[in-house]
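Please open the model in your viewer and keep the selection panel at hand. The stops below follow one another as selections.

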Amino acid sequence: MTSDLPLALVTGASRGIGAAVAHQLEPTHRVLLGGRDANALAAVAERLPGASPWQVDLTDFNALATRAAEITSLDVLVHSAGVADLGTIESAGVSAWRKNFEVNTLAVVELTRLLLPALRAARGHVVIINSGAGLNARAGWAPYAASKFAVRAFADALRAEEETLRVTSIYPGRTDTEMQQAIVADEGFDYDASRYLRPDSVATAVLTAVSASRDAHLTDLTLRPGPA
Ligand code: NAP
């Protein structure tokens, strides 16, 4: 990948919202596709000439440090990787809480921290795909919601500390991805994709924040599925 286009790293780019974000950024950015599954990343990269796989398990913090050290200047960092391990407070054990916090919070914190010099060098933009659950916690969603509340606090503090960076939290409602299919199956409901946001619509919100002129800092964007 050699060109003068700005560089973007998108985590969770193997599928779902992250893959849609990669597709929308690729015409104007060189894109690093974050994910664990080499085949899935290669399949996304095949359709995007300006993109290449950036394979790492975000919870392997040693490997993450090695991969992050390869990046010296970064214009856009989109954190889309996430897990949703749901359960009531009575039923969810420590492992569910730990899994949500490891991927949705700690990996975002650590990857951003490792990339701060590269982001500062480019006066970069950090976008975090949060969730409606990061604004309101509902019954049965506490482990996931708490991890998203925590990453919202992280985003706000990052924005306050790093005055040269732009930091945007995006709060989508239910979006038609594999994550949502698993949630709806768990809830025992029928899956009707037409009732949910499309990943592309969330990606458009990311692009809106990233392409806003420098004087306009879009800090928080909430998206809900539109009326039928
Ligand atoms: P998804 O389809 O399940 O995709 C999840 C992505 O995260 C995959 O690319 C997966 O990579 C990656 N990932 C998970 N654990 C990882 C790890 N340890 N290391 C590296 N990558 C990892 O999910 P999605 O629906 O697109 O969700 C994207 C983001 O949007 C998440 O932060 C989610 O919380 C948020 N969100 C989703 C919805 C919704 O309704 N779908 C609503 C609001 C917010 P692999 O291919 O390697 O597994």
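Select helix α4 (residues 94-122) first: α4 gives the most to the lining of the largest cavity, with 4 residues. Helices (H or I, at least four residues) and strands (E, at least two) are DSSP runs, numbered from the N terminus. The model is a predicted one, in which local features need pLDDT of at least 70 and side-chain atom pairs count only at pLDDT 80 or more, while totals for chains, interfaces and linings use all residues. Residues are numbered from 1 along each chain as its sequence is written, and side-chain values use heavy atoms, with hydrogens and water left out.

Now display the full cavity lining: Thr-11, Leu-58, His-79, Ala-81, Val-103, Ala-107, Val-108 and Leu-111. On a 1 Å grid over the protein atoms alone, a cavity is a set of points where a 1.4 Å probe fits but cannot get out, and a pocket is an open set with protein on both sides within 12 Å along at least five of seven lines; lining residues have an atom within 4 Å of a point. About 40 Å³ of space lies in this largest cavity, a volume being the space filled by probe spheres set on the points, which are joined across faces, edges and corners.

Next, turn to the largest pocket, which holds about 1200 Å³ of space. Its lining comprises 49 residues, and Gly-82, Val-83, Ala-84, Tyr-144 and Met-179 lie nearest the pocket's centre. Helix α6 supplies the largest share of this lining, 6 residues.

Then select the ligand. Which residues are closest to the ligand? They are Ser-14, Arg-36, Tyr-144, Thr-175 and Thr-177, among 28 that surround the ligand (a heavy atom within 4 Å). An oxygen atom of the ligand is 2.6 Å from an N or O atom in the side chain of Tyr-144. For the side chain of Lys-148, the corresponding distance from a ligand oxygen atom to an N or O atom is 2.9 Å. A polar backbone atom of Gly-82 is 3.3 Å from an oxygen atom of the ligand.

Move on to α1, where 8 of the 10 residues are buried (under 20% relative accessible area, 1.4 Å probe, protein chains only). The buried residues of α1 pack against β1 (7-10), β2, β4 (76-79), β5 (125-129) and α7 (199-211).

Finish at His-29, in the loop between α1 (16-25) and β2 (30-35). His-29 counts as buried because its relative accessibility is 9%. Leaving aside residues up to four places away in sequence, His-29 touches Leu-5, Pro-6, Ala-8, Gly-50, Val-76 and Val-210 (heavy atoms within 4.5 Å).

Terms used
Buried means under 20% relative accessible area, exposed over 50%, partly exposed in between (1.4 Å probe, protein chains only). A polar contact is a pair of N or O atoms within 3.5 Å; within protein, one must be able to donate a hydrogen and the other to accept it, and residues adjacent in sequence count only if both atoms are side-chain atoms.
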